[in-house]
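Trainee: I should like to look closely at a single part of this protein. Please take one helix and then set it in its surroundings.

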Amino acid sequence: MPNPCIPRRTLLAGGLAAMAAGCSRRLGGGVLTATDTHVRDYPTVQAVIRFGELVEEATGGRLSLRMYAGGQLGNERDTLEITTFGGLDFNRVNLAPLNSIEPLTRVAALPFLFTSTEHMRSTLDGPIGEEILASLEPHGLIGLCFYDSGARSFYNTRGPISSPEDMRGLKLRVPGSDLYIAMVQSLGADAVPMPLDEVYQSLAQGVIDGAENNWPSFESGRHFEVARYYSLTRHLLAPEVFVMSKRRWDTLSQDDRAIIRQAAKQSVPYMRELWDAQVAKSKAIIMDSGVKVNEIDPAPFAQRMRGMWDEFLTTPRQREMVRQIQQAGSA
């Protein structure tokens, strides 16, 4: 019988970690494990698989990768916990579960911070991105690279959103992050923290009215089948993060660490090529399905959301990063 003093989530994480570790042992000591909540043909999953191929090539097969896609090992919050204590070697996660762990990650998650995809990519490819990745090491994670997560917009089952007033009272799913909760609440909607794999059923059953995400996630999760209104606020261009367990990292030689860092960087342009193609494909599928898609004036949304920035920019370094990012975006 489970110990009532141990949280259910901790028991679940421990069980999943044991399963992943057992798989690793069966597959051999040179097999590295990775997880992603998205389905196998999703760009981030394919990028991590490509990363594994590069590592295998560079080590002559001494190291290889086993990918657990489609949320096989649980949601991001649980698998991130498993990764920090070494039950998994690699993990592709959204910024949301990292926001409560490391304050610098909140910078890249601020709404209406990046002016374009190119602005986001150039920022995270540079010194600011490297500093954010390095900030994860004290938390048991080695930040390897950033992947795209696209422009996130709101979709719902009730009707088009044209202004913040249209969002009042809507129950909207968000990732489990205080920043995302505050963002949705600033627009007058009710934020409902929920794992991504529960969104479709919750939309279909009316537990929530909508959510916010990019074109590929809206399509691959089949959410567009039940949420027939997609309003292009493009309020977030926050990236995804590819991380490694520091416990596993510490067991590697300097040469293997260099191989892993190089392979991760090489996987980024590959991911971006796949991502841009997937956005176009997903957009076409959604538009052909008859979903009502509408453009909006982003200014009123940005004005409402700017009020929450001060709540999450709590250190001088965070504020200086934001200043540098805005300066680059206006150049």
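Which residues of helix 6 (residues 117–124) are buried?

Mentor: The model is a predicted one, and its confidence should be stated at the outset. The mean pLDDT of the protein is 91, and 91% of its residues reach 70 or more. Over residues 1–14, however, the pLDDT is below 50, and this stretch has 11 contacts in the model beyond near neighbours in sequence. Residues 23–28 also have a pLDDT below 50, with 6 contacts of that kind. Where pLDDT is low, one should not read the predicted coordinates in detail.

In helix 6, the buried residues are His119, Met120, Arg121, Thr123 and Leu124. The elements that cover them include helix 5 (105–108), helix 7 (127–134), strand 4 (141–147), helix 12 (254–288) and helix 15 (316–330). Two of these, strand 4 and helix 12, lead on to the surroundings.

Strand 4 belongs to an open sheet of 5 strands in the order 2-1-3-10-4, with mixed pairing. Strand 4 and strand 2 (64–68) are the edge strands, each pairing on one side only. From one strand to the next, the twist averages 25 degrees. Within the sheet, strand 3 (residues 90–94) and strand 10 (residues 240–245) pair in the antiparallel sense over 5 bridges. Phe90, for instance, has Met244 in strand 10 as its bridge partner.

Helix 12 lies across strand 3, strand 4 and strand 10, and runs at about 25 degrees to strand 4. Gln278 has its place in helix 12. This residue counts as buried because its relative accessible area is 15%, and the limit for burial is under 20%. Setting aside residues up to four places away in sequence, Gln278 touches Asp41, Pro43, Pro216 and Glu219.

The nonpolar cores complete the picture. In soluble globular proteins, nonpolar side chains tend to be buried together. The largest nonpolar core here has 49 residues, of which Leu98, Leu113, Phe154, Met167, Tyr180, Val184 and Val241 touch the most other members. Helix 8 (residues 178–185) supplies the largest share of this core, 5 residues. Val184 touches Phe154, Leu172, Val174, Ala189, Asp190 and Ala191, again leaving out residues up to four places away in sequence. A second, separate core has 28 residues, including Phe90, Tyr147, Ile260 and Ala264. Phe90 is thus a member of this second core as well as the bridge partner of Met244.

Notes:
Residues numbered from 1 in each chain as written. Predicted model: local features only at pLDDT ≥ 70, side-chain atom pairs only at ≥ 80, totals over all residues. Heavy atoms only, no water. Buried < 20%, exposed > 50% of the residue type's maximum accessible area, 1.4 Å probe, protein only. Helix = DSSP H or I, 4+ residues; strand = E, 2+ residues; numbered from the N terminus. Contact = heavy atoms within 4.5 Å. Pairing = 2+ DSSP bridges. Axes fitted to C-alpha atoms, helices over the stretch in contact; angles between N-to-C directions. Core = buried A, V, L, I, M, F, W, Y, C linked by side-chain atoms within 4.5 Å. pLDDT = per-residue confidence, 0-100.
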